[in-house]
Amino acid sequence: MATMGQLWANTGSTLATLMFTYTIFRRWFPHVGDHLEPFFQRLFSRFYPYIQIKFHEYSGEHFKRSEVYSGIQSYLSKDSSLRAKKLKANTTKGSKSLVLSMDDREEITDEFESVTVWWQSKKVRNTRQSFSFYPAADEKRYYTLKFHRRDREVIIERYLEHVVKEGKRIKMKNRERKLYSNTPGQNHRNQTKWSHVTFEHPASFDTLAMEEEKKEEIKNDLVKFSKSKDYYKKIGKAWKRGYLLFGPPGTGKSTMIAAMANFLEYDVYDLELTTVMDNTQLRSLLIETSTKSIIVIEDIDCSLNLTGQRKKKEEEDDGDEKKMMTSEGEKKESKVTLSGLLNFIDGLWSACGGERIIVFTTNFVDKLDPALIRKGRMDKHIEMSYCGFEAFKVLAKNYLDVEESEIFDEIKRLLEVEEIKMTPADVGENLLPKSEGKEGETCLKRLVEALKEAKEEAKKKVEEEEKRKKEEEEEKKRIKEKKAEMKGKKDEKKKKIEENGEEEEH
Ligand SMILES: Nc1ncnc2c1ncn2[C@@H]1O[C@H](COP(=O)(O)OP(=O)(O)OP(=O)(O)O)[C@@H](O)[C@H]1O
Ligand SMILES: [Mg+2]
């Protein structure tokens, strides 16, 4: 493919002659020159039919790096690393890997819809003397894009959009993902703020112990959501999706969230509602969240009085749960309300762009207010349950690298026929080799023992429960009898008093 340099070589001499003639002509016939300018322009463009667009690194007043420039840089990085001869390697803030870009004055070609374009990276020295905090401020960098004028339409209407979009996608993919959590601030109002660390949870759908079918369903749902920007726009809905994960402790709700974030390459915002003072603070926190993120509210039932009327009584009992810790260690009541949260999910939420997933987790789904979890708010309800045989097989493969064993039959029987309930967390704990080089069989046998013990314990619990219920019923019966006895005595006394009264009257 011809480079821009080669094309120049071909047309260079013709252009030089043209320019020379034009300059001489203008000098000798300045008046005629004005009239002939358009003609020369046309002639010039006949020999040089290329259009050039410049994209500066810094544009505007605030020394803000142009997003288009960095988008182009990311876009070109994938081709540059393969095609350019001179490359620059940078570590960009927030990027998980080295960013390779073409060096100054390098040129690469790109093709789009059978159209060829030429990209060049250039820099010019800043001649103006000015004070700057930036070490490289005396240099201005820019990209130039050249293309044939007959391709103007394709480039302006589609190619540039494609470059920016693709560049953003590559940048997103390369970026270091973050786990944000809200902590009480140090200012007088104790406004809670997001702080972040790098998100490096190793969980994935492959390591998640769950039935394959269920996993596939969730994965499909997530993929469909992430690709539905246009669809959500078409139906006039905010591009967000709510997930409710419920199940006993240790069944993998938090692990599932990490797997979802890794799968979609989203950031995670772990929202601790008890440190949020009121609905206004909640709103500003949520508005600050970025696109392509999962906002998590764990144990929603404990976080707030979100369970509506039905929780009135418990609320009085465990009011402490809703108290928030301020930076001075003093306890204050969090005023975030169910309606505040619902309003945000429904209304304001829609105003702050798209591609956000909100996840609630709870151990007690029955306790939640139906308004909170109705479809449209929490679109998908996922039950995380005790370990089944299929889930066990995933854990055995992860923890022990064992895919088949005679002991599997026994474990299958215990889990499926005997219906022993053990969480994946406990199964994992039993499968974990306790010392270096311990064989898988030993760990599997330990699990069998643990399952049998769990069965005994469950049996004991049932018996104890039955005993407790029986005692409770007997106690109730005793109280009832006693009440009846007392009432009988009272009635008798009353009767006697009445009889005595009557006698006195006579
Ligand atoms: N389904 C699962 N697949 C793989 N590992 C699991 C699964 N469930 C639990 N685990 C393991 O058990 C540990 C605890 O799980 P996790 O924190 O996800 O449970 P949880 O349901 O969020 O519990 P809680 O209700 O107490 O928050 C994890 O570190 C993980 O290793
Ligand atoms: Mg959890």
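Mentor: Ala, Val, Leu, Ile, Met, Phe, Trp, Tyr, Cys and Pro count as nonpolar, Asp, Glu, Lys and Arg as charged, and the others, Gly among them, as polar. The model under discussion is predicted.

Trainee: How do the residues of the shell around ligand 1 divide into nonpolar, polar and charged?

Mentor: Seven are nonpolar, seven polar and one charged. The shell comprises 15 residues, and the closest are Ala209, Pro249, Gly252, Pro424 and Ala425. Two elements, α7 (253-264) and α15 (424-431), each give two or more residues to this shell.

Trainee: What makes Gly252 polar in this scheme?

Mentor: Gly is placed by definition among the polar residues, so Gly252 is counted there.

Trainee: Why is glutamate 213 called exposed?

Mentor: Within 10 Å of glutamate 213 there are 8 other C-beta atoms. A residue is exposed if that number is 12 or fewer, so glutamate 213 qualifies. Glutamate 213 belongs to helix α5 (residues 212-226). As for the chain, 23% of its 506 residues count as buried.

Trainee: What makes the crossing of α13 and α15 describable?

Mentor: Two packed helices are described by the angle between their axes and the distance between the axes. For helix α13 (residues 389-400) and α15, the axes come within 10 Å and cross at roughly 35°. The crossing is right-handed. On the α13 side the contact involves Ala391, Phe392, Leu395, Ala396, Tyr399 and Leu400, and on the α15 side Pro424, Val427, Gly428 and Leu431.

Trainee: Which classes of residue make the contact of α13 with α15?

Mentor: Nine residues are nonpolar, one is polar and none is charged. Gly counts as polar, so Gly428 is the polar one.

How values were computed
Residues are numbered from 1 along each chain as its sequence is written. Chains are lettered from A and ligands numbered from 1 in the order in which they are written. This is a predicted model: local features need pLDDT of at least 70, side-chain atom pairs count only at pLDDT 80 or more; totals for chains, interfaces and linings use all residues. A residue is near a molecule or strand if its C-beta atom, placed from the backbone, lies within 6 Å of it. Helices (H or I, at least four residues) and strands (E, at least two) are DSSP runs, numbered from the N terminus. A residue is buried if 20 or more other C-beta atoms lie within 10 Å of its own, exposed if 12 or fewer, and partly exposed in between; C-beta atoms are placed from the backbone. Axes are lines fitted to C-alpha atoms, for helices over the stretch in contact, and angles run from 0 to 180 degrees between N-to-C directions. A crossing is left-handed if the near helix is turned anticlockwise from the far one by less than a right angle, and right-handed if clockwise. Two residues are in contact if their C-beta atoms, placed from the backbone, lie within 7 Å.
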